[in-house]
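Keep the model open in your viewer and follow the stops in order. Each stop says what to select and what to look for.

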Amino acid sequence: MAAVGFGGAYYFGWFGPEDVHASPPGPCDLLDTDAASEIAGNGEGLEVYEADHSYAYGAEGLECVVTPGYGAASGHEVDLRTTVFTSRVDGIRKENGVEAATGYFYGSRPESDGSESATCPDGRLPLSGTANGSGHALYRMDNLVVEVEVLPAGDEAEETLDEAGRTQAAVDLLCDAVSGME
């Protein structure tokens, strides 16, 4: 009978990894805003701001956005998102935050160009590639997912980075952000 109880508890998600992160860290504190500002360009009134990015069931997210200022002749928007997936009880079933973060992490995998995945200087291996023309890099730490996206230039602006350059910039900014978290 005890085996059935433990098996049922495991099946309903009551055994599993514990949430480590309770709320997302401030993304603008993690982002090297000077480096992001160089990527964004030097238009009038370069903008750096933090925004809510809670979009997924069981997740709380924040986003730091660096956009070229009005009338910028060149540059890219840079977004750094921190999303915490927390465990939730739905009836008698427990949805685990780490498992939700893992599902999001692999479900958001960017398209690979076939080259070897980039590695951070400290040995971390983020997922990286392109998503709708944007350079995209993700890293998961327990129930926290950190993402950096470098978007194509707007209609009026000239692109200073090609697609591979946007991906490498996203990886560089991500590696810098997660290296300061431990």
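A residue counts as buried when its relative accessible area is under 20%. Take Phe105 as a test case: its relative accessible area is 6%, so Phe105 is buried. Bear in mind throughout that the model is predicted.

**Stop 1: the sheet**

Show the strands as cartoon. Six of them, in the order 1-2-3-8-7-6, make an open sheet with antiparallel pairing. Its edges are strand 1 (47-52) and strand 6 (127-131), each paired on one side only. On average, neighbouring strands are turned by 15 degrees against each other, direction ignored.

**Stop 2: strands 1, 2 and 3**

Start from the edge at strand 1. Strand 1 pairs with strand 2 in the antiparallel sense, over 6 bridges. Select Glu47 and look across to strand 2: Thr67 stands opposite. Next, move to the pairing of strand 2 with strand 3, antiparallel again, over 8 bridges. Here Ala59 faces Phe85 of strand 3. Keep Phe85 in mind; the tour returns to Phe85 at the aromatic pairs.

Is strand 2 enclosed or open to the outside? Of its 9 residues, 7 are buried, so strand 2 is largely enclosed by the rest of the structure.

**Stop 3: strands 7 and 8**

Select residues 134-141 and 144-150. These are strand 7 and strand 8, antiparallel and joined by 7 bridges. Pick His136, and Glu149 of strand 8 stands opposite.

**Stop 4: the helices on the sheet**

Add helix 3, residues 33-40. Helix 3 packs on the sheet and touches strands 1, 2 (59-67), 3 (78-85) and 8. Its direction makes about 55 degrees with that of strand 2.

Now add helix 5, residues 163-179. Helix 5 also packs on the sheet, with contacts to strands 3, 6, 7 and 8. The angle between the directions of helix 5 and strand 7 is about 25 degrees.

**Stop 5: the nonpolar cores**

Which residues have the most contacts inside the largest nonpolar core? Select Leu31, Val78 and Leu174; the core itself has 27 residues. Helix 3, strand 2, strand 3, strand 7, strand 8 and helix 5 each supply at least two of them. Helix 5 gives the largest share, 8 residues.

Centre on Leu31. Leaving aside residues up to four places away in sequence, Leu31 touches Ala36, Cys64, Val66, Leu80 and Leu173.

Another core, of 8 residues, lies apart from the largest one. Among its members are Phe85, Ala101, Tyr104 and Leu138.

**Stop 6: the aromatic pairs**

The whole structure holds 2 aromatic pairs. Select Phe85 and Tyr104. Their ring centres are 5.4 Å apart and their planes stand at 35 degrees, so this pair is tilted. Phe85 sits in strand 3 and Tyr104 in helix 4 (97-107), so the pair ties together parts that are 19 residues apart in sequence. Both Phe85 and Tyr104 are buried.

Shift to Phe105 and Tyr106. Here the centres are 4.9 Å apart and the planes at 75 degrees, so the pair is edge-to-face. Phe105 is buried, whereas Tyr106 is partly exposed, with a relative accessible area of 47%.

**Last stop: Ser108**

Select Ser108, in the loop between helix 4 and strand 6. Ser108 is buried, at a relative accessible area of 18%. Which residues does Ser108 touch, not counting those up to four places away in sequence? The contacts are His136 and Leu138. His136 is the residue that faced Glu149 at stop 3, and Leu138 belongs to the core of 8 residues.

Conventions: Residues numbered from 1 in each chain as written. Predicted model: local features only at pLDDT ≥ 70, side-chain atom pairs only at ≥ 80, totals over all residues. Heavy atoms only, no water. Pairing = 2+ DSSP bridges. Helix = DSSP H or I, 4+ residues; strand = E, 2+ residues; numbered from the N terminus. Axes fitted to C-alpha atoms, helices over the stretch in contact; angles between N-to-C directions. Contact = heavy atoms within 4.5 Å. Phe/Tyr/Trp six-rings, centres within 6.5 Å; stacked < 30°, edge-to-face > 60°. Buried < 20%, exposed > 50% of the residue type's maximum accessible area, 1.4 Å probe, protein only. Core = buried A, V, L, I, M, F, W, Y, C linked by side-chain atoms within 4.5 Å.
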